[in-house]
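Thank you all for coming. I would like to take a few minutes on one structure, looking at charged side chains and at strand pairing, so please have the view open in front of you.

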Amino acid sequence: MKQKIRSFIKSHRRDCLLGLAVLFLLLGSAAALYFRRQVGDKSQVVVSFQGTEILRTDLDKDQKYIIEDGTARETDFHTVLASLGEEAYPSNHNVNLLTIKDGTVYMSESNCPGLVCVSMEPLTSDAYDIPIVCLPHGLLVTIETS
C-alpha cells in the first residue's frame, strides 16, 4: 500500500505540488480576509439626501445628528424633536434625528408622516443589507465598509 502511494506521488509529483500550492494559497487568502475584516475594516455611516451625500462619519463614534431639510449637523444626545420647538413642526421643516451609538445607527425621531424610518431595524457593521429610508424627506442611510 505504501509503495503504491509513493509510486503515485512520484509519478504525479508536479500535480501534487501544484495542488498543495493552490491549497496553501486558498487558505492564506481566506485567513487574510478573515483577519482583515476583524482588524482593518472601518465602517462608515453614509446619509444621502435626494441622491446627494450629505454626511459621512465613523460608525464606532457615538454621536447624534439633526438632519433638517437635507442638511446634517451634530447635536447632543439629549436633543429630541420636542426640544426643537417650532423648528420641528412638519409645516416648517423636514426634521430627522439620526443616532449612532454602540456600533449601531438608527433614526431615533422624525416628523415625517408614518414614521416608517423610525421603526426600521438599526444598522450595524454586521447587518447593513437593508438601508434606513425616509421617503417623505428623501433620506437614505447606509453603512459602507472599507
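Let me start with Arg56, which counts as partly exposed because its relative accessibility is 36%. Please keep in mind throughout that this is a predicted model, and that the values I quote are computed from it.

Which residue forms a salt bridge with Arg56? The partner is Glu53, and the closest N and O atoms of the two side chains are 3.0 Å apart. Glu53 has a relative accessibility of 42%, so this residue, too, counts as partly exposed. As general background, side chains of opposite charge can pair when their charged atoms come close.

Now to Arg73, where there are two acidic partners to describe in turn. Arg73 is partly exposed, at 39% relative accessibility. One of its salt bridges is with Glu68, with the closest N and O atoms 3.2 Å apart. Is Glu68 buried or exposed? Glu68 counts as buried, because its relative accessibility is 11% and the cut-off for buried is under 20%.

Arg73 also forms a salt bridge with Glu87, and here the closest N and O atoms are 3.1 Å apart. This pair links distant parts of the chain, since Arg73 sits in strand β4, residues 71-75, while Glu87 lies in the loop between β4 and β5, the latter covering residues 95-101, and the two residues are 14 apart. Glu87 has a relative accessible area of 25%, and is therefore partly exposed.

Coming back to the pair I began with, salt bridges that share partners join Glu53, Arg56 and Glu144 into one network. For the structure as a whole, a search finds 5 salt bridges.

Let me turn from the charges to the strands, and in particular to β9, which covers residues 139-145. Strand β1, residues 43-49, pairs with β9 in the antiparallel sense, over 7 bridges. If you would like one position to look at in that pairing, Val46 has Thr142 in β9 as its bridge partner.

Strand β8, residues 132-134, pairs with β9 as well, again in the antiparallel sense, over 3 bridges. Within that pairing, Cys134 stands opposite Leu139 of β9. How many residues lie between the strands in the hairpin of β8 and β9? There are 4, and in this hairpin Gly138 takes a positive phi near 70°.

That is what I wanted to show, and I am glad to go back to any of these positions on the screen.

Technical notes
Residues numbered from 1 in each chain as written. Predicted model: local features only at pLDDT ≥ 70, side-chain atom pairs only at ≥ 80, totals over all residues. Heavy atoms only, no water. Pairing = 2+ DSSP bridges. Salt bridge = Lys/Arg side-chain N within 4 Å of Asp/Glu carboxyl O. Buried < 20%, exposed > 50% of the residue type's maximum accessible area, 1.4 Å probe, protein only.
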